[in-house]
Amino acid sequence: MRLAALYSGGKDSTFAMYVAEQMGHVVPYLVTVRPADRASWVFHTPNLSVVPKMAEAMGKELIAEDSDGTESGDLDALRRALEGLDIDGVVVGALWSDYQWERINGVCGDLDLVVLAPLWRKDQDMLYGEFVSAGVKAVVAGVAAEGLGPEWLGRELDADALKDLKKIRDRYGISVMGEGGEYESMTLDSPMHLKKVEMSSSERMTERNAGTLEVTGVRLVDH
């Protein structure tokens, strides 16, 4: 099939697109919704300003739509982004969120598009190991859970990080994939990248129970 990837720049959407391409599908488009409200329940919001460079790094065409951040606004923006594209369906990085799954399926169903969710309901420890083994390189871009302090911001999500995430899970019950919003991620490289993304400037923004790595500059560098 010819697919558009619903893309936030995080590890899940990157890995789902990689799996789709490994299955033989063609993914020429990245589709991004940019909510004005950072608390959007439907879409990932940290560092969306970097997504155009991410698309360039992968040689993909970016289709972006702005939203007011409300549920209806987010879904209307998704519909506008997908309408008229020469595609058979959409690949998403959804893991366990029924809320997100139902709403994205509703929009795609109205447009007669197939939804491919290759990570859906898979074991999260297994998925973590698979995206690392596949060569998806991502860092923590936001934290919002007990046990995940500001020292995690910018940390690579590698095998060593998984060991520490499992320890935090044992104590606090977090998802090692960040599926409950415990952390957000930003992809820097993958097997699909023609060039890797390198952060040239960033700032840590911390609050009492949360923190964000605000990336203010990136450059594309050769492998």
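Start by selecting Y18: at 17% relative accessibility it counts as buried, because the cut-off for buried is under 20%. Keep in mind as you click around that this is a predicted model. Now add F15 to the selection. F15 has a relative accessibility of 5%, so this residue counts as buried too.

Show both side chains and look at how the rings sit. F15 and Y18 form a stacked aromatic pair, with 6.3 Å from centre to centre and 20° between the planes. Why are they about one helical turn apart? Both belong to helix α1 (residues 11-22), and they are 3 residues apart in it. The structure holds 3 aromatic pairs, so let's visit another one.

**Stop two: helix α5**

Select residues 124-134, which make up helix α5. Inside it, pick out Y128 and F131, which are 3 residues apart and so separated by about one helical turn. Their ring centres lie 4.9 Å apart and the planes meet at 50°, so this pair is tilted. Are these two buried or exposed? Both Y128 and F131 are buried.

**Stop three: the parallel sheet**

Switch to a cartoon view and find the open sheet of 5 strands. Reading across, the order is β3-β2-β1-β4-β5, and the pairing is parallel. Which strands stand at the edges? They are β3 (61-67) and β5 (114-116), and each of them pairs on one side only. If you look along the sheet, neighbouring strands are turned by 30° against each other on average, direction ignored.

Next, select β2, residues 26-35. Of the 10 residues in β2, 7 are buried, so the strand is largely enclosed by the rest of the structure. On one flank, β2 runs parallel to β3, and 7 bridges join them. To see where they face each other, click L30 and look across to L62 in β3, which stands opposite.

β2 also pairs with β1 (residues 2-6): this parallel pairing has 4 bridges. Here the residues to click are R2 and, opposite it in β2, V26.

**Stop four: the antiparallel sheet**

Now move to the other open sheet on this tour. It has 4 strands in the order β7-β6-β9-β8, with antiparallel pairing. At its edges you'll find β7 (183-189) and β8 (196-206); each has a single partner strand, so one side of each is left without a neighbour in the sheet. From one strand to the next, the twist averages 25°.

Select β6, residues 137-143. How many of its 7 residues are buried? The count is 6, so β6 is mostly covered. Follow β6 to β7 and you'll cross an antiparallel pairing with 6 bridges; V140 is a good residue to click here, with S185 of β7 standing opposite.

Then look from β6 towards β9. These two strands pair in the antiparallel sense over 2 bridges. Click V143 to find G211 of β9 opposite.

Finish the sheet by selecting β9, residues 211-221, and its antiparallel partner β8, which are joined by 10 bridges. Pick E203 and look for its bridge partner in β9: that's E214.

**Stop five: the second largest pocket**

For the last stop, select L148. Where does L148 sit in the chain? Its place is in the loop between β6 and α6 (159-172). At 7% relative accessibility, L148 counts as buried.

Keep L148 selected and add A210. Along the chain these two are 62 residues apart, while their C-alpha atoms are separated by 8.4 Å. Turn on a surface and look around them.

Rolling a probe the size of a water molecule over the atoms shows where empty space is left. The second largest pocket holds about 160 Å³ of space. It is lined by 14 residues, and the closest to its centre are L148, G149, R208, N209 and A210. Try colouring the lining by residue type: you should get 6 nonpolar, 5 polar and 3 charged residues.

Notes. Residues are numbered from 1 along each chain as its sequence is written. This is a predicted model: local features need pLDDT of at least 70, side-chain atom pairs count only at pLDDT 80 or more; totals for chains, interfaces and linings use all residues. Side-chain values use heavy atoms; hydrogens and water are left out. On a 1 Å grid over the protein atoms alone, a cavity is a set of points where a 1.4 Å probe fits but cannot get out, and a pocket is an open set with protein on both sides within 12 Å along at least five of seven lines; lining residues have an atom within 4 Å of a point. Grid points are joined across faces, edges and corners, and a volume is the space filled by probe spheres set on the points. Ala, Val, Leu, Ile, Met, Phe, Trp, Tyr, Cys and Pro count as nonpolar, Asp, Glu, Lys and Arg as charged, and the others, Gly among them, as polar. Two strands pair if DSSP finds at least two bridges between them. Axes are lines fitted to C-alpha atoms, for helices over the stretch in contact, and angles run from 0 to 180 degrees between N-to-C directions. Rings of Phe, Tyr and Trp (its six-membered ring) pair if their centres lie within 6.5 Å; planes under 30 degrees apart count as stacked, over 60 as edge-to-face and the rest as tilted. Buried means under 20% relative accessible area, exposed over 50%, partly exposed in between (1.4 Å probe, protein chains only).
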